[in-house]
Amino acid sequence: MGVSTGAAHAAVKDAQSRPITAGGFVEKGPIVFLDITKQAGLDKFLHRSGTAEKETILETMGSGVALLDFDNDGWLDIYILNGSTVDALKGREPQPRAMLLHNNHDGTFTDVTDKAGVANERWGFGVAVADFDNDGWPDIYVANYGKNRLYHNNHDGTFTDIAEKAGVTLGGWSASPTWGDYDHDGLLDLFVPGYVKFDIDNPPINGHGKIAPNFCQFRGINVMCGPRGLPGEQNHLFHNNGDGTFTDVSVKAGVSNTASYYSLASVFIDVDDDGWVDLAVANDSVPNYLYRNKHDGTFEDISYVSGFALSEDGREQASMGIAAGDYNRDGKVDLFTTTFSDDYKTLYRNDGGGSFTDITFQSGLAAPTVPFLSWATAFLDYDNDGLVDLFIANSHVYPEVDQQDWGTTFAERPQLFRNLDGKRFEEVPPVIGTGLADVITARGAAFGDLFNDGHIDVVINNLDGAPTLLRNVFKSDNHWLTLKLSGGPKSPRDAIGAKVFLAAGGVRQRMDVFSGGTYQSSSDPRVHFGLGKATRIDSIEIHWPSGLKQRVSVAALNQTSLDCIATITEGQNLVLPPDAKKSPGKKP
């Protein structure tokens with residue numbers, strides 16, 4: 001019952017009889033992440049979401065986080081959404097506030113929320129960053145329970161909420177948004193998933209109202225109700241009119257969620273490589289959506305025929321988040337979805353032509369993920385060996401599980417899976433004292449190189465607590481390259497929708513620029529390539545959203561400092577950082 005679609009599994013415990021979700025720790029092993037939350041200054045933020053008892057589904061889903069360079073200084077800043085309480089929504093107590101943290105370039109961050117004007121002060125869930133008006137500055141869309149916000153970047157460290165004028169406020173329960181230019185007009189459009197219809201004055205509570213009791217139980221115990229048994233919210237596609245306003249074209253485009261499914265995460269990405277972004281949507285407890293772009297302003301629902309709607313055994317899953325990336329280096333973008341406990345988290349291999357195969361068991365990802373309840377996720381090359389690995393943020397929705405002997409816990413540790421050979425993954429052990437051993441109530445997470453050192457870091461927004469900043473400190477002599485793309489007049493300025501193919505060391509990698517995915521969050525817009533031991537890049541080919549294909553030649557690169565971060569403007573030559581050629585001993 002509840003939102004679990006899998007059968008109950010036997011408890012998995014470690015050698016000390018601890019549930020594996022809060023155990024399995026080792027004393028020695030590879031050190032990948034260190035928790036530097038306090039040192040960085042992120043501990044000043046505290047997330048709130050209803051009461052500790054979590055009597056309603058509204059209180060359990062958590063909020064997202066975004067990484068963006070809001071002041072264009074070349075360093076990623078952090079925007080963390082907050083939840084709320086019923087008393088706050090009714091004006092009986094102050095609203096919890098979101099927080100914008102400016103990167104100080106020294107490993108610390110400063111709260112600039114008040115100056116920036118992005119406190120939100122609504123029940124925040126999802127966030128997606130994009131330069132929707134092509135002015136060269138990133139803007140922020142916030143999906144709330146209630147009215148949404150569109151924060152326009154004023155270029156001076158402040159933002160203005162223009163959602164009402166733009167026509168994108170909605171007013172129900174919105175979830176993880178995504179930006180993408182679905183109609184090839186060079187302007188980014190906005191997709192906003194809807195979760196469930198929820199009446200705060202008449203919430204679904206076990207034993208009250210018309211909802212069936214079985215929708216308020218999990219493994220035979222009473223828990224909060226939903227999403228099954230509740231009406232689904234509609235999904236919305238907003239077409240960018242180019243004048244600061246948007247038009248809702250959801251029904252015309254065929255993506256309005258007529259089945260009233262419970263949509264949580266979304267991402268515009270080109271799954272069939274026809275040059276037009278498609279739309280993947282992760283749905284909770286019901287089949288997933290995959291919409292193929294028909295090039296005429298509409299989409300074709302290929303969810304079932306593609307293989308993405310259901311698991312390998314033909315079962316709907318409680319999907320929460322989406323990762324998109326080319327894990328096997330075959331040039332096609334694959335998809336990974338996170339799911340509920342008592343169920344494996346699902347890896348869909350892209351077979352081409354919009355067809356996917358669930359290969360979770362063959363990849364080694366099934367058994368280790370079953371006990372966990374998972375949210376945010378991403379493909380990232382944590383060790384820069386040229387193969388993208390997989391990160392998963394975990395935590396249960398039912399506090400009641402801590403009183404049961406089910407081998408699962410409310411707070412859980414994250415998981416990191418190393419890509420061994422493009423075919424199989426192996427879990428990186430959680431070493432005591434490192435970030436992988438953090439037992440937290442994770443929900444949203446964003447991924448990116450916060451310190452411009454060539455390592456992908458993770459920021460996690462935890463339910464009812466401080467966030468977690470995991471700094472990647474993995475030591476290796478592998479090389480890397482990060483590219484910031486700038487679109488030309490016929491592409492979005494921030495190049496969302498672009499694909500980059502890099503050949504080095506005898507292998508060819510693919511990275512995509514997208515906004516959204518993961519869970520309620522938005523990650524580093526730059527593309528990062530691990531190069532392994534390769535010191536020479538053979539070729540870089542960029543497929544821009546406009547349709548232009550551009551090849552860029554880059555000389556040998558070192559693996560340290562800002563020398564490996566460069567900007568490419570559509571139709572122009574590579575632009576290196578100002579100090580790159582000055583650094584002694586480096587080969588930019």
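The following paragraphs describe two sheets, the aromatic pairs and the nonpolar cores of a predicted model.

Residues are numbered from 1 along each chain as its sequence is written, and side-chain values rest on heavy atoms, with hydrogens and water left out. Because the model is predicted, local features need pLDDT of at least 70 and side-chain atom pairs count only at pLDDT 80 or more, while totals for chains, interfaces and linings use all residues.

It is convenient to begin with the strands, which are DSSP runs of E with at least two residues, numbered from the N terminus. Two strands are taken as paired if DSSP finds at least two bridges between them. An open sheet of four strands follows the order β2-β3-β4-β5, with antiparallel pairing. Its edges are β2 (65-68) and β5 (109-111); each has a single partner strand, so one side of each is left without a neighbour in the sheet. Direction ignored, neighbouring strands of this sheet are turned by 25 degrees against each other on average, where axes are lines fitted to C-alpha atoms and angles run from 0 to 180 degrees between N-to-C directions. Within the sheet, β2 and β3 (residues 77-80) run antiparallel and are joined by four bridges, and leucine 68 has aspartate 77 of β3 opposite.

Another open sheet of four strands is ordered β6-β7-β8-β9, again with antiparallel pairing. Here β6 and β9 (159-161) are the edge strands, each pairing on one side only, and the twist from one strand to the next averages 25 degrees. Three bridges connect β7 with β8 (residues 149-153) in the antiparallel sense; valine 142 faces arginine 149 of β8 across this pairing.

Turning to the rings, the structure holds 27 aromatic pairs. Rings of Phe, Tyr and Trp (its six-membered ring) pair if their centres lie within 6.5 Å; planes under 30 degrees apart count as stacked, over 60 as edge-to-face and the rest as tilted. Phenylalanine 132 and phenylalanine 246 make a tilted pair, at 5.8 Å centre to centre and 50 degrees between the planes. Phenylalanine 132 belongs to the loop between β6 (123-130) and β7 (139-145) and phenylalanine 246 to strand β15 (residues 246-248), so this pair ties together parts that are 114 residues apart in sequence. Both phenylalanine 132 and phenylalanine 246 are buried, that is, under 20% relative accessible area with a 1.4 Å probe and protein chains only. Tyrosine 182 and phenylalanine 299 have ring centres 5.8 Å apart and planes at 40 degrees, so they too form a tilted pair. Tyrosine 182 and phenylalanine 299 are both buried. Ring pairs also link Phe125, Tyr145, Trp173, Tyr195, Phe198 and Tyr262 into a cluster.

Finally, the nonpolar cores were examined; such a core is a set of buried Ala, Val, Leu, Ile, Met, Phe, Trp, Tyr and Cys residues joined through side-chain atoms within 4.5 Å. The largest has 69 residues, and Met61, Trp173, Leu237, Phe299 and Phe391 have the most contacts inside it. Elements giving two or more residues to this core include β6, β16 (263-269) and β24 (374-380), and β24 gives the most, with four residues. Leucine 237 touches, among others, Tyr182, Phe268 and Phe299, not counting residues up to four places away in sequence; contact means heavy atoms within 4.5 Å. Apart from the largest core lies another of 50 residues, including Ala130, Val388, Ile542 and Trp544.
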